[in-house]
Amino acid sequence: MSFKVAIIGRPNVGKSTLFNRLVGRKLALVDDTPGVTRDRRVHAAKLYDLAFDVIDTAGFEDAGAATLPGRMRAQTEIAIREADLIFFTIDAKSGLLPDDRTFAEIVRKSGKPVVLVANKAEAKGAQGGMLEAWELGLGEPIPVSAEHGQGLPDLRDAVVAALGEERAFGEEEDEDEEIAASEVLIGEDIADPDAEPAYDDTKPMRIAVVGRPNAGKSTLINALIGEERLLTGPEAGITRDSISVDWDWRGRRVKLFDTAGMRRKARIHEKLEVMSVQDGLRAIRFAEIVIIVLDATIPFEKQDLQIADLIIREGRAPVIAFNKWDLIDHPQELLAELREKTERLLPQARGIQAVPVSAETGRGLDKLMDAVIRTHKVWNSRVSTGKLNRWLEGILAHHPPPAVAGRRLKVKYVTQAKTRPPGFVVQCSRPDAMPQSYVRYLSNSLREAFDMPGVPIRIALRTSDNPFAGRAKKRS
């Protein structure tokens with residue numbers, strides 16, 4: 001049984017850098033700008049022989065509850081309540097500031113065990129800041145450099161001393177099981193092409209939630225999981241990191257990824273926003289299903305279509321959520337119009353699932369998840385080679401490929417090479433001469449014949465080598 005550690009401190013003391021060091025990966029965004037982290041992030045971590053969950057938090061600021069810093073502080077207070085141990089982090093280079101003393105009192109009142117972490121201890125003049133840290137009354141400051149990985153043995157010993165050996169060395173989880181689960185999530189289905197395996201609804205599912213700023217992505221995730229897990233508000237661009245949230249839906253494990261709002265490239269000037277968008281793109285590439293959240297009051301902006309096109313090109317399975325449906329005056333008329341626009345503007349994923357929802361009221365969330373499951377099944381679907389070639393016979397009889405340069409193209413064979421998304425190999429006489437219009441015709445016919453709406457379909461054209469070509473050259 002592992003324990004939880006919350007990393008607490010005022011802005012710009014290096015909490016996210018320490019978080020990344022403990023988890024062994026650059027998960028949290030790090031920048032010199034104060035207040036980069038806004039949501040709390042939880043991840044498995046190791047510190048030598050200690051295994052635990054670590055929580056990265058927003059910088060503790062003294063602000064009113066209605067303001068953005070106030071809501072960030074509320075998220076940090078939740079992290080303190082959830083944690084078994086607190087890393088109270090200070091900047092040894094700059095020394096103590098009034099906020100450090102204020103928040104040290106809050107941490108002390110929580111009654112949780114505390115390790116006082118004096119970060120940036122490698123800097124010149126850090127010794128004075130460490131001596132000041134004794135004034136907080138939280139015990140001996142542990143000098144570390146999260147950026148350079150210095151002082152971690154002392155930090156490990158301080159954790160054991162604070163929790164006691166029995167609590168610190170609890171039973172670790174079976175790592176082999178976690179590795180196998182992650183491989184299942186990102187691996188491709190390589191089953192027998194002639195088999196049509198049943199859909200496995202016990203496997204975990206990874207869902208990324210994307211969209212333009214202020215479309216309601218974080219609010220939607222909070223509504224799905226039934227708690228205020230992510231920071232929300234009327235301000236656009238609150239989310240910066242891609243935050244993952246573990247969730248159980250009808251007995252199925254789901255990992256939800258909230259992402260930063262994606263604006264048009266021409267409007268992005270700040271380095272921090274560039275990093276946020278890149279973090280969101282990584283979440284898309286690692287997801288299976290991507291929920292595209294559109295503001296129903298201003299849907300299908302150019303950026304919405306570019307986001308959808310990116311998801312389809314990446315081979316992910318898209319589902320559209322028309323959010324803020326509670327603000328619509330004539331819902332039936334608008335829904336018919338939006339569905340017609342969806343088919344017309346996104347022909348590359350014909351039949352994409354589109355569901356009206358209200359993250360604010362909770363309306364339509366079950367229908368949204370039903371659409372996610374249907375799309376996930378299609379994304380994982382496999383068609384036997386026998387069925388595919390019987391379908392191909394009918395296609396060739398009804399609409400054979402055109403003649404190119406006076407010679408008719410021959411299509412001989414088709415098989416499904418992969419799933420996630422469905423990918424097919426078509427063997428034909430001259431792949432380079434096959435018109436793209438005919439490839440699109442095959443793709444659309446496949447989609448209709450085998451009921452594969454709303455997901456990208458890949459078709460690769462191949463030709464078999466002529467076994468007599470070499471002999472002909474030798475004779476000549």
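Student: What's the mean pLDDT of the chain?
Tutor: The mean is 84, and 81% of the residues reach 70 or more; pLDDT is the predictor's confidence in each residue, from 0 to 100. This is a predicted model, where local features need pLDDT of at least 70, side-chain atom pairs count only at pLDDT 80 or more, and totals for chains, interfaces and linings use all residues. Residues are numbered from 1 along each chain as its sequence is written, and side-chain values use heavy atoms, with hydrogens and water left out.

Student: Where is the pLDDT below 50?
Tutor: Over residues 172–193. Beyond near neighbours in sequence, that stretch has 33 contacts in the model (heavy atoms within 4.5 Å).

Student: OK, sheets. What's the strand order in the open sheet of six?
Tutor: The order is 2-3-1-4-5-6, with mixed pairing. Strands are DSSP runs of E, at least two residues, and helices are runs of H or I, at least four, numbered from the N terminus; two strands pair if DSSP finds at least two bridges between them.

Student: Which strands stand at the edges?
Tutor: Strand 2 (41–47) and strand 6 (142–143). Each has a single partner strand, so one side of each is left without a neighbour in the sheet.

Student: And how many bridges join strands 4 and 5?
Tutor: Six, with strand 4 (residues 85–91) and strand 5 (residues 114–119) pairing in the parallel sense. I86 has V114 in strand 5 as its bridge partner.

Student: New topic: is T259 buried or exposed?
Tutor: T259 is buried, because its relative accessibility is 0% (buried means under 20% relative accessible area, exposed over 50%, partly exposed in between, with a 1.4 Å probe and protein chains only). T259 lies in the loop between strand 9 (252–258) and helix 9 (271–286).

Student: What does its side chain reach?
Tutor: The T259 side chain reaches the backbone oxygen of V209, at 2.7 Å.

Definitions and conventions:
A polar contact is a pair of N or O atoms within 3.5 Å; within protein, one must be able to donate a hydrogen and the other to accept it, and residues adjacent in sequence count only if both atoms are side-chain atoms.
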